[in-house]
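Colleague: Could you walk me through this model, please? I would like to hear how the pieces fit together.

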Amino acid sequence: AKLVVALESGVPVGLSTGGPMSYESIKAELDELRTAELATYEAYGELSEVKRAMQSGVMWNIEYTPAELGPMAPVSRGWDFSIHPTNTDFKYVIFDWDNIFASYLLSIDDGGKELAYSNMVQVVRSKTARGFIPNYSAGGGKSQDRTEPPIGAKVLLEMYNKHGDMWIVQLLFNDLVDWSDWFWRERLLSPLDLIALGSDATGYGDSDGSVNAMQGARYESGADNSPMYDCTYGEDHEDQGQSGPCDWFHPGEEKVGGYGLMQMADVGQTGMAVQECDALVQLATVLNRTDEATRLQARADAMRSSMAQLWDDEAHIYTNLFANGTFYRRISPTSFYSMMAKAATDEQAELMVAEWLTNSTRFCINENFPTGSPSHCYWGLPSISADDSAYDAQGYWRGYVWGPMAQLTYWSLQQYDHLDSVRSARKALCVQMTAMFLNMWNKHGHVCENFSPFEDTDDCTGDKFYHWGALAGMISLIEGGYY
């Protein structure tokens, strides 16, 4: 069945599913609902437009498909990893950390709480038989070789602390513990005993050559083409650093579960894995799971201590470390995630903030923004340090600014609130990131997948309606006490 309506210039048309209604009645009802909706933003004061933009970005991408158990929030309507869908309306993909961040955005108020929980369930329950939440999942197909950055327990804890709903913790806790156990079982790099990125043998072929290969391990970072993982690829890949062989990666045995590892301990992934353990300890305590809390606390403390190996006393920052004990000095905001794990001493935290985060030649966060902000790094927090050789060319994770990095850096700085310099930098980060976010929203009504750090950029550098771009504004809502 289909409905055909003749459209004439200047003649309005209204559609109603609730019985016959005139256009005037439909318009009046919509106007009333719009007025009521806009009134809800008033509670956010000077940040009301941030809330409106954030909600628009995530709600636009709410979908339902019979392949999942409830509504979910895919990153964008343009992404699809479904295998032979019977209906084009059912095309979608769930990405691990992208979608978990969507639950965080949705959970800021009671109105979005149920959608946040539903979306969270779809992500976490896509867990593989080996215990990890896959990089992607769609229609039963999923990445069996790799995960993505672990933030599930942290977001679940944040939602529980805000809303107090025990049932969602009871439902998802064991799955998130399984994910943590998998990291310690299959992503520990010897002899450092720190987390490395990996991609495993799956027992079947893949279409893009990423499975059980260096590129699959790069995908596991979430920063798919970051200069942090540039290796020797040949002329065809020099500009973006993707694909091709690399002697940093040791592939797994060609059998299901044969895991391959990048031979480099990763600061960001290690910091997030420790944060997950800390969050799981708190969730275990809520559930009265004292034995589990004790086990996870010991795990977190041991890894936190081991992270001392990642401190680069020459560069004054936590740095990715090869298994042979040498540093790879390509620095991104993931180095700040050492603070998320509470691995840094106070002195180290202050050095990283002074020499890297607020340095106008590196990550360009400016307490006096916009006064004195360099045009080539105006918005701050680029995905690779502005003094890196890859920065000027830009491109995806090679210099663009990303909402998730803003959120993770914010969480990291929160752990050192007792230090005046770190607290000031955190507040400056909020101001700068939110100004960047609203700049594109006010110009175009866009919620950007990523942003150019350059002052004169006119539009998004990636997808124009991708919900996690709103994390650049979310941090100000948190700082303002709205979460």
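**Core, helices and buried residues**

Modeller: Happily! Leaving aside neighbours within four places in sequence, Phe437 is in contact (heavy atoms within 4.5 Å) with Val50, Ala53, Met54, Val447, Phe451, Gly469, Ala470, Ala472 and Gly473. Before we go on: this is a predicted model, where local features need pLDDT of at least 70 and side-chain atom pairs count only at pLDDT 80 or more, while totals for chains, interfaces and linings use all residues. Residues are numbered from 1 along each chain as its sequence is written, and side-chain values use heavy atoms, with hydrogens and water left out.

Colleague: Which helix gives the largest share of the largest nonpolar core?

Modeller: A nonpolar core is a set of buried Ala, Val, Leu, Ile, Met, Phe, Trp, Tyr and Cys residues joined through side-chain atoms within 4.5 Å; buried means under 20% relative accessible area, exposed over 50%, partly exposed in between (1.4 Å probe, protein chains only). The largest one has 134 residues, and those with the most contacts inside it include Leu156, Met433 and Phe437. Helices (H or I, at least four residues) and strands (E, at least two) are DSSP runs numbered from the N terminus. The largest share of this core, 11 residues, comes from residues 420-444, helix α13.

Colleague: How many residues does the second, separate core have?

Modeller: Met228, Cys231, Phe249 and Cys377 are among its members. As a general point, nonpolar side chains in soluble globular proteins tend to be buried together. The count for this second core is 18 residues.

Colleague: Are α4 and α5 roughly parallel or roughly antiparallel to each other?

Modeller: Axes are lines fitted to C-alpha atoms, for helices over the stretch in contact, and angles run from 0 to 180 degrees between N-to-C directions. Helix α4 (residues 110-124) and helix α5 (residues 152-163) pack at about 150°, with axes 12 Å apart. Angles under 35 degrees count as roughly parallel, over 145 as roughly antiparallel, 65 to 115 as roughly perpendicular and the rest as oblique. The pair α4 and α5 is therefore roughly antiparallel.

Colleague: Which residues of α5 does α4 meet?

Modeller: On the α4 side, the residues are Asp110, Lys113, Ala116, Tyr117 and Met120. Their partners in α5 are Gly152, Val155, Leu156, Met159 and His163.

Colleague: How many of the residues of helix α7 are buried?

Modeller: Helix α7 (residues 214-221) is largely enclosed by the rest of the structure, and its buried residues include Arg218 and Glu220. What covers them includes α6 (166-186), β5 (194-200), β6 (249-250), β7 (259-265) and α8 (267-286). The buried count in α7 is 8 of the 8.

Colleague: What phi does Gly222 take?

Modeller: Gly222 comes just after α7. Its phi is positive, at about 85°.

Colleague: Is Lys51 buried or exposed?

Modeller: Lys51 sits in helix α2 (residues 48-59). Not counting residues up to four places away in sequence, Lys51 touches Tyr41, Tyr44, Ile108, Asp109 and Leu477. At 2% relative accessibility, Lys51 counts as buried.

Colleague: How far apart in space are Gly57 and Phe101, C-alpha to C-alpha?

Modeller: Gly57 is also found in helix α2, and Gly57 is buried, with a relative accessible area of 0%. Beyond its neighbours within four places in sequence, Gly57 is in contact with Val447, Phe465 and His467. Gly57 and Phe101 are 44 residues apart in sequence, and their C-alpha separation in space is 12 Å.
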